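User: Please give me a close look at one part of this protein: its interior. Take me through it step by step, in plain words.

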Amino acid sequence: MNSKLPERPTKRHCGVRIRTVQRSGQSSVVRVASTRLPTMFGVFDLIGFERANVDKGETESALVLMLGDLQNRAPLLRIHSQCFTGEVLGSLRCDCRGQLELAMSAIGDEGSGLVIYEYQEGRGIGLMAKLRAYALQDHGLDTIEANEALGFDADSRDFSLAVAVLHELKIRQVRLMTNNPQKVEALTKGGIEVIELIACEAPPSPYALSYLRTKKEKMGHSLTIM
């Protein structure tokens, strides 16, 4: 399901070149390496980006899968968070692997677009904490209740790195593949115009129904398959 967003006046920056979006304690993004990656969905350009985050005392990383000409029109974009259990182990507790494959397939069919893949396992809490949250869910908590029981926010992710990468790639408008309103808000606040919102709904597994219901009812995700 596609939905058009209201058009906004084009902003003029009087010749000022906008490179990246930076916050206190964050450096500019740096391209670490690039290569070609043949996949079942097409041959993508794969670029690694890094950014030092002094506030967190760590280096943030993101992978960008790009296909085709991204400057000809507003490209398809998927901002995707790592899910080791779903994407590597084939877990059916979530829809992450299905969403990634759906996005890459759509980009391959269109011949252009990009995926920004961020290392934010378990909505930013990390793999080991995610497993502890799973254990709490086995005893009846939903995903939000489990995260909060462990002392985390319902969603600890920060999408500012994705915004900085888009500025580095000189992309100002996108057609965003997501069900998550937080991603729309993050891009808009970062100066990226979302001109079209495209649903990214993978066929649900019976094991993922409670997870998807929580995303829809408590996190405001736009899900029509529930």
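Analyst: Start with Arg-123. Its relative accessible area is 11%, and buried means under 20%, so Arg-123 counts as buried. Keep in mind that this is a predicted model. Arg-123 sits in helix α3. Its backbone has a positive phi of about 55°, although Arg-123 is not a glycine.

Now step back to the whole chain. The protein has 226 residues, and 46% of them are buried. Its secondary structure consists of eight helices and eight strands. Take the contacts with a separation of 6 or more: 62% of them join residues 24 or more positions apart. The accessible surface comes to about 11,700 Å². Carbon and sulfur atoms hold 53% of that surface.

Next, the nonpolar interior. The largest nonpolar core has 26 residues. Leu-77, Leu-114, Ile-116 and Leu-187 touch the most other members. Several elements each supply at least two residues of this core: strands β3, β4, β5, β6 and β7, plus helices α6 and α7. Of the contributors, α6 gives the most, with six residues. Another core of 14 residues lies apart from this one. Among its members are Leu-46, Leu-76, Val-115 and Tyr-117.

Look at Ile-116 in more detail. Leaving out residues up to four places away in sequence, Ile-116 touches Ala-62, Leu-63 and Val-64, among others. Its contacts also include Leu-77, Arg-78, Ile-79 and His-80. From α6 (160–168), Ala-162, Val-165 and Leu-166 touch Ile-116 too.

That brings us to helix α6. Nine of its nine residues are buried. They include Ser-160, His-167 and Glu-168, as well as nonpolar residues such as Leu-161 and Val-163. What covers them? The cover includes strands β2, β3, β4, β5 and β6, together with helix α7.

Just after α6 comes Lys-170, with a positive phi of about 60°. Lys-170 is not a glycine either. Its place is the loop between α6 and β7. Its relative accessibility is 42%, and partly exposed lies between 20% and 50%, so Lys-170 counts as partly exposed.

Loops can hold buried residues too. Take Gln-120, in the loop between β6 (113–118) and α3 (121–124). Its relative accessible area is 11%, so Gln-120 is buried. What does its side chain reach? The side chain of Gln-120 comes to 3.2 Å from the backbone nitrogen of Asp-158. Beyond its neighbours up to four places away in sequence, Gln-120 touches Ser-81, Gln-82, Arg-157, Asp-158 and Phe-159.

Asp-95 is another case. Asp-95 lies in the loop between α1 (84–87) and α2 (96–110). At 6% relative accessibility, Asp-95 counts as buried. Its side chain makes a polar contact with the side chain of Lys-215, at 3.3 Å. Apart from neighbours within four places in sequence, Asp-95 is in contact with Ala-202, Tyr-211, Leu-212 and Lys-215. Pro-204 is 109 residues away along the chain, yet its C-alpha atom is 6.7 Å from that of Asp-95.

Follow the contact to Ala-202. This residue is found in the loop between β8 (193–198) and α8 (209–219). Its relative accessible area is 6%, so Ala-202 is buried. Setting aside residues up to four places away in sequence, Ala-202 touches Asp-95, Gly-98, Gln-99, Leu-102 and Ile-225. Ala-202 and Ile-225 are 23 residues apart in sequence, and their C-alpha atoms are 8.8 Å apart in space.

Finish at the surface, for contrast. Phe-84, Val-88 and Leu-89 form a nonpolar patch there. Together they have about 290 Å² of accessible area. Val-88 lies in the loop between α1 and α2, the loop that also holds Asp-95. Is Val-88 buried or exposed? Its relative accessible area is 54%, and exposed means over 50%, so Val-88 is exposed. Asp-95, by comparison, is buried.

Key
Residues numbered from 1 in each chain as written. Predicted model: local features only at pLDDT ≥ 70, side-chain atom pairs only at ≥ 80, totals over all residues. Heavy atoms only, no water. Helix = DSSP H or I, 4+ residues; strand = E, 2+ residues; numbered from the N terminus. Buried < 20%, exposed > 50% of the residue type's maximum accessible area, 1.4 Å probe, protein only. Contact = heavy atoms within 4.5 Å. Areas by Shrake-Rupley, 256 points an atom, 1.4 Å probe, with all protein chains shown as cover. Polar contact = N/O pair within 3.5 Å; in protein donor to acceptor, adjacent residues only side chain to side chain. Core = buried A, V, L, I, M, F, W, Y, C linked by side-chain atoms within 4.5 Å. Patch = residues over 30% accessible without salt bridge, like charges linked within 9 Å, V, L, I, M, F, W, Y side chains within 5 Å. Salt bridge = Lys/Arg side-chain N within 4 Å of Asp/Glu carboxyl O.
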